[in-house]
Amino acid sequence: MRIAVLSGKGGTGKTLVSVNLAAAAKISTYIDCDVEEPNGHLFFKPENIQEEEVHVRIPKVDGKLCNGCRKCVDFCKFNALAYIKDKLIIFEDICHSCGGCILLCPEKALTEKEKVIGKIQKGASDQVTVYTGILNTGEPSGIPIIKKLLNENKPERNKTIFIDCPPGSACIVMESIKDADYCILVAEPTLFGVHNLNMVYELVKLFNKPFGVVLNKCLDGENPSEQFCIEKNIKIIGRIPFDSALGMLNSNAEIAVRKSERYRTIFSFLLEAVKKEVHHETTSNS
Amino acid sequence: MKIAIPVDEKTLESNVCVSFGRAPYFLIYDTETKESIFLDNGAAASTGGAGIKAAQTIVDNKVNALLTPRCGENAANVLKSADIKIYKTAGISAKKNIDDFISGKLSLLDEIHPGFHGHGGN
Amino acid sequence: MKQLLILSGKGGTGKTTIASAFIKLSKAKAYADCDVDAPNLHLITKQNSPPKKTDYYGLPKAEIDIELCIECGQCMQNCRFEAISADGKYKVDPFACEGCGVCELVCPVEAVTLKPAVAGELLLYTDGEKVFSTAQLKMGSGTSGMLVTEVKKQMKSAAADVEFAIIDGSPGIGCPVIASLSGVDMVLIVAEPSISGISDMERIINTAAKFGVKTAVCINKFDTNMQNTEKIENFCKGQGISLLGRIPFDLDAVKAINNGQTIVDIDCASGAAVKAIYSKTMELLFEEGGGLRS
């Protein structure tokens with residue numbers, strides 16, 4: 001079962017929920033797809049780390065073959081090429097690796113080389129296997145890293161996998177939830193929270209994913225996100241109370257489930273609720 | 001020599017455009033013939049790499065110096081490869097900047113900002 | 001126009017809450033929300049009239065004309081983004097398509113064309129003397145530095161004579177942040193005392209330094225983790241960055257926001273702290289010859 005955890009904005013508790021659910025499940029896999037700002041590893045502090053580089057293919061030019069026809073310069077929609085003083089210049093950080101210039105070059109002066117855009121780290125934290133995707137600063141897209149992270153774990157359908165998604169509803173989030181069996185939307189109890197929840201709600205609806213909401217930082221009194229769920233008939237799978245001790249553990253990058261019985265109970269309940277939902281979805285769909 | 005300035009409008013009285021890569025037009029001024037022409041900047045609507053494409057236009061028009069309020073690092077690399085000097089504009093009038101350049105009052109642009117790395121809307 | 005940009009690195013640190021308070025305190029006549037992925041500022045600054053809307057076009061997307069398509073499969077084989085599928089008919093997944101044009105290039109029968117695609121919407125509110133520029137990126141569109149640039153441009157052209165503007169920046173450390181940084185006079189970073197918040201703050205400070213923009217820091221919810229608050233303060237002292245104050249965690253702030261008020265509209269501890277930070281920010285922003293920018 002693959003469970004994606006997402007939120008419309010950073011700071012709502014997406015990492016808190018996915019890290020603690022993975023820890024509560026004891027034997028599980030945690031995948032951090034927030035490749036621009038991966039934080040999950042700060043909590044898990046995984047050991048025995050194996051690293052693998054992630055590459056994309058970018059063009060390189062053989063100056064002897066290039067005749068300066070500029071077909072590649074004109075074709076490139078990303079403006080990653082320039083032809084200056086009888087020389088082709090390639091801007092590697094602008095290139096989207098579409099391969100068009102190579103297909104196009106009549107002189108076969110362009111070939112491909114591999115370029116490192118980031119890496120994947122795999123490690124262990126107790127019985128949780130922790131995968132972290134890290135995008136190098138300045139690279140245009142983290143999607144190749146997410147693809148690799150998720151493909152690596154594809155065959156293992158029977159494992160319990162938690163996917164910590166990037167914030168927002170951009171294409172990179174779509175890539176992260178593509179193969180998920182269930183989505184957890186984490187929401188804050190504020191007016192801002194509702195607006196951001198609505199964005200991811202639209203996203204999971206578009207992709208036809210079964211989903212439920214976890215209300216984080218719940219206080220006494222009214223909760224606009226809760227009202228939103230009731231209005232839209234969205235399943236609320238759990239509530240995490242606002243609690244300064246939990247906030248303290250979290251801000252020190254500690255896993256609450258592993259530090260206190262109280263939080264172990266809260267997240268174990270949440271995990272059971274999620275499992276029940278996933279089970280319900282898979283049986284009703286088959 | 002030929003100098004180029006990113007401008008908002010097609011007149012000598014125009015303001016200097018705050019952006020190089022996404023300026024609507026370039027004013028190309030020849031200091032010897034005192035002729036000026038205006039080029040449409042085809043890069044203005046690019047979602048990414050606008051600076052590179054704009055710099056290519058400047059190079060192709062055999063310009064010797066660019067006067068601009070700022071310039072990204074990719075564009076600066078293109079211009080550098082073509083030995084085009086980049087000067088920092090002072091004040092907003094294109095005309096006044098030309099005069100200041102001719103009388104040697106403009107200094108070279110030394111702060112090159114990191115580019116936007118082609119994060120277009122895809 | 002003097003422009004103050006409010007940034008945070010990590011999301012959820014209270015950037016918009018503070019930006020809205022600053023707008024209220026300064027009676028700002030021009031402001032913008034550059035968080036185009038998840039704009040929130042409009043929820044708390046009251047607008048009396050509907051906005052002027054403009055479509056924002058990103059990169060074009062490929063479209064296959066199935067009348068012309070001979071199902072040769074060239075486009076699908078050559079697409080690096082797995083954007084073309086062929087269950088029965090060939091079609092393009094607009095969310096995966098990056099608009100590179102390779103499919104158009106390889107199609108032997110010209111069945112593929114690149115069509116302009118709306119990637120978001122620019123909104124401009126002009127209420128009497130006030131100008132508020134914002135935007136919303138469409139679902140599935142990539143982060144866009146260019147839309148951020150458009151939001152700022154829209155604000156500037158609508159409020160050309162205004163002396164002072166407040167910009168609510170984009171979260172993260174990527175390209176939209178760089179786009180929001182360009183051309184501003186000062187950055188106020190809203191930091192949060194958490195391990196992950198600190199690492200993001202350091203990256204933002206480095207980026208702002210590259211642009212030579214005057215930078216100051218304030219710490220929100222400082223009392224939720226004193227140890228980390230001290231870490232932030234020591235870091236700033238070491239780097240010579242102005243610390244403008246601490247804001248306490250305050251349940252009243254949540255109440256104010258949920259009532260559609262800013263935290264300086266009600267009498268509360270966080271509001272009082274923000275007022276003090278506001279005066280210091282203004283002092284620094286308008287300080288003679290203080291900035292690196294001319």
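Let's start where domain 1 of chain A meets domain 2 of chain A. Nine residues of domain 1 are in contact with six residues of domain 2. Keep in mind that this is a predicted model. In domain 1, Ile117(A), Glu139(A) and Pro140(A) lose the most area to domain 2, and together they make up 60% of what that side buries. The two domains bury about 550 Å² between them. Carbon and sulfur atoms give 58% of that area.

What about charges and polar pairs here? The rule finds zero salt bridges across this interface in chain A. Polar contact between the two domains comes down to one residue pair, with both residues at pLDDT 80 or more. On the domain 1 side, the elements giving two or more residues are strand S3 (47–61) and strand S6 (110–125) of chain A. By class, that side has four nonpolar, three polar and two charged residues.

Now the bounds. The domain assignment of chain A puts 2–54 and 117–285 in domain 1, and 56–116 in domain 2. So domain 1 is written as two segments, if you are following along on the sequence. Taken over C-alpha atoms, the domain centres are 39 Å apart.

Next, one residue in that region: Pro144(A). Where does Pro144(A) sit? Pro144(A) is in helix H5 of chain A, residues 143–152. Beyond its neighbours within four places in sequence, Pro144(A) is in contact with Val54(A), Val56(A) and Ile117(A). Ile117(A) is one of the three residues that lose the most area on the domain 1 side. Pro144(A) has a relative accessible area of 27%, which makes Pro144(A) partly exposed. For a long-range distance, take Gly68(A). Gly68(A) and Pro144(A) are 76 residues apart along the chain, and their C-alpha atoms are separated by 31 Å.

Staying in chain A, go to Ser7(A). Ser7(A) lies in the loop between strand S1 (2–6) and helix H1 (14–24). Is Ser7(A) buried or exposed? Ser7(A) is buried, because its relative accessibility is 0%. A polar atom of the Ser7(A) side chain lies 2.7 Å from the backbone oxygen of Lys9(A). Leaving aside neighbours within four places, the contacts of Ser7(A) include Pro167(A), Gly168(A), Val186(A) and Val200(A). Thr12(A) and Lys14(A) are also among them.

Two backbone points, both in chain A. Most residues other than glycine have a negative phi. Lys26(A) has a positive phi, near 65 degrees. Lys26(A) is in the loop between H1 and strand S2 (28–32). At 52% relative accessibility, Lys26(A) counts as exposed. Asn48(A) also has a positive phi, about 50 degrees. Asn48(A) lies in strand S3. Its relative accessible area is 67%, so Asn48(A) is exposed.

On to the interface of chain C and chain A. How many residues does each chain bring? Chain C brings 52 residues to the contact and chain A brings 44. The size of an interface is often given as the accessible area lost when the parts come together. Here chain C and chain A bury about 4100 Å², with 61% of it on carbon and sulfur atoms. Arg80(C), Met139(C) and Asn258(C) supply 17% of the area that chain C buries against chain A, more than any other three residues.

The rule finds two salt bridges across the interface of chain C and chain A. One salt bridge joins the side chains of Asp35(C) and Lys9(A), at 3.1 Å, N to O. Lys9(A) came up earlier, with its backbone oxygen 2.7 Å from the side chain of Ser7(A). There are 17 residue pairs in polar contact between chain C and chain A, both residues at pLDDT 80 or more. On the chain C side, helices H1 (15–26), H3 (102–106), H6 (195–210) and H8 (251–258) each supply at least two residues. That side divides into 20 nonpolar, 24 polar and eight charged residues.

Last, chain C on its own. Its domain assignment gives domain 1 as 2–56 plus 138–285, and domain 2 as 60–116. The two domain centres in chain C are 42 Å apart, over C-alpha atoms.

One residue to finish: Tyr31(C), in strand S2 (residues 30–33) of chain C. Tyr31(C) counts as buried, because its relative accessibility is 3%. Not counting residues up to four places away, Tyr31(C) touches nine-residue company that includes Ile23(C), Leu41(C), Phe132(C), Met155(C) and Ile166(C). Tyr31(C) and Gly14(C) are 17 residues apart in sequence and 17 Å apart in space, C-alpha to C-alpha.

Note on methods
Residues numbered from 1 in each chain as written. Chains lettered and ligands numbered in written order. Predicted model: local features only at pLDDT ≥ 70, side-chain atom pairs only at ≥ 80, totals over all residues. Heavy atoms only, no water. Helix = DSSP H or I, 4+ residues; strand = E, 2+ residues; numbered from the N terminus. Buried < 20%, exposed > 50% of the residue type's maximum accessible area, 1.4 Å probe, protein only. Contact = heavy atoms within 4.5 Å. Domains from an automatic or database assignment. Buried area = accessible area lost by both parts, 1.4 Å probe. Salt bridge = Lys/Arg side-chain N within 4 Å of Asp/Glu carboxyl O. Polar contact = N/O pair within 3.5 Å; in protein donor to acceptor, adjacent residues only side chain to side chain. Nonpolar A, V, L, I, M, F, W, Y, C, P; charged D, E, K, R; others polar.
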